Amino acid sequence: MRRRTMLQLLAGGAIGSGHPSLAVLSNGDDEATQKHVAWVIEVLKRMQTIIPGMTRDALYRVFTTEGGLSTGLQRTFVSRDCPCFKVDVEFQAVGRPDRDGNGRVTLVEDGRDLIHKISRPYLQFSIMD
């Protein structure tokens with residue numbers, strides 16, 4: 001039962017708009033479950049502080065890089081709190097061209113790059129490469 005409640009909360013937080021209802025905290029679950037739910041809510045709130053227009057450096061305060069395929073302008077990031085909480089981010093290059101001389105997207109990353117687009121948080125197992 002606890003596992004189902006946690007998954008419902010996570011799904012609601014990742015799919016729904018706004019913050020998950022705190023009502024689940026008062027449905028008679030034990031104290032440990034309540035603490036887990038409260039922790040997930042805090043992590044989601046922290047993740048939602050990162051918005052388009054912020055810099056890559058600001059993103060790195062809440063997230064870290066994930067393995068897998070990426071370019072300098074598109075990458076999956078994981079929460080510093082839990083690597084199963086992820087977002088996909090697209091950047092706008094600052095101080096350099098988006099593409100190299102052959103028209104390929106550059107692999108260069110800069111802390112001043114601006115977040116152009118960020119996905120809603122989602123759950124996924126870690127990618128190891």
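This passage describes the fold of the protein chain, then helix 2, the paired strands and Arg96 in a predicted model.

The protein chain contains three helices and five strands. The order from the N terminus is α-α-α-β-β-β-β-β, with the helices placed ahead of the strands. Of its 129 residues, 33% count as buried. Among contacts with a separation of 6 or more, 58% are between residues 24 or more positions apart in the protein chain. The exposed area of the protein chain is about 7900 Å², and 56% of this area is supplied by carbon and sulfur atoms.

Helix 2 covers residues 31–47, a run of 17 residues. The distance from its first C-alpha to its last is 24 Å, close to the 24 Å expected at 1.5 Å a residue. The buried residues of this helix are Thr33, Val37, Val40, Ile41, Val43, Leu44 and Met47. Viewed down the axis of helix 2, these buried residues fall within an arc of 165°, so they line one face of the helix. Glu31 and Lys35, on the other side of helix 2, are exposed. At the start of the helix, the backbone nitrogen of Ala32 has a side-chain oxygen of Asp30 within 3.2 Å.

Strand 2 comprises residues 74–79 and is mostly covered, with five of its six residues buried. Strand 2 pairs with strand 1 (residues 63–65) through three bridges, and the two run antiparallel. In this pairing, Thr64 has Val78 of strand 2 as its bridge partner. Strand 2 also pairs with strand 3, again in the antiparallel sense, over five bridges. Here Thr76 stands opposite Asp88 of strand 3. The connection from strand 2 to strand 3 is a hairpin of five residues.

Strand 3 (85–92) is followed by a loop that leads to strand 4 (114–118), and Arg96 lies in this loop. Is Arg96 buried or exposed? The relative accessibility of Arg96 is 18%, and the cut-off for a buried residue is under 20%; Arg96 therefore counts as buried. A polar atom of the Arg96 side chain lies 2.7 Å from the backbone oxygen of Val108. Leaving aside residues up to four places away in sequence, Arg96 touches Gly72, Leu73, Thr106, Val108, Glu109, Asp110 and Asp113. Val108 thus appears both in the list of residues touched by Arg96 and in the polar pair with its side chain.

Note on methods: Residues numbered from 1 in each chain as written. Predicted model: local features only at pLDDT ≥ 70, side-chain atom pairs only at ≥ 80, totals over all residues. Heavy atoms only, no water. Helix = DSSP H or I, 4+ residues; strand = E, 2+ residues; numbered from the N terminus. Buried < 20%, exposed > 50% of the residue type's maximum accessible area, 1.4 Å probe, protein only. Contact = heavy atoms within 4.5 Å. Areas by Shrake-Rupley, 256 points an atom, 1.4 Å probe, with all protein chains shown as cover. Expected span 1.5 Å × (residues − 1). Arc of directions from axis to C-beta. Polar contact = N/O pair within 3.5 Å; in protein donor to acceptor, adjacent residues only side chain to side chain. Pairing = 2+ DSSP bridges.
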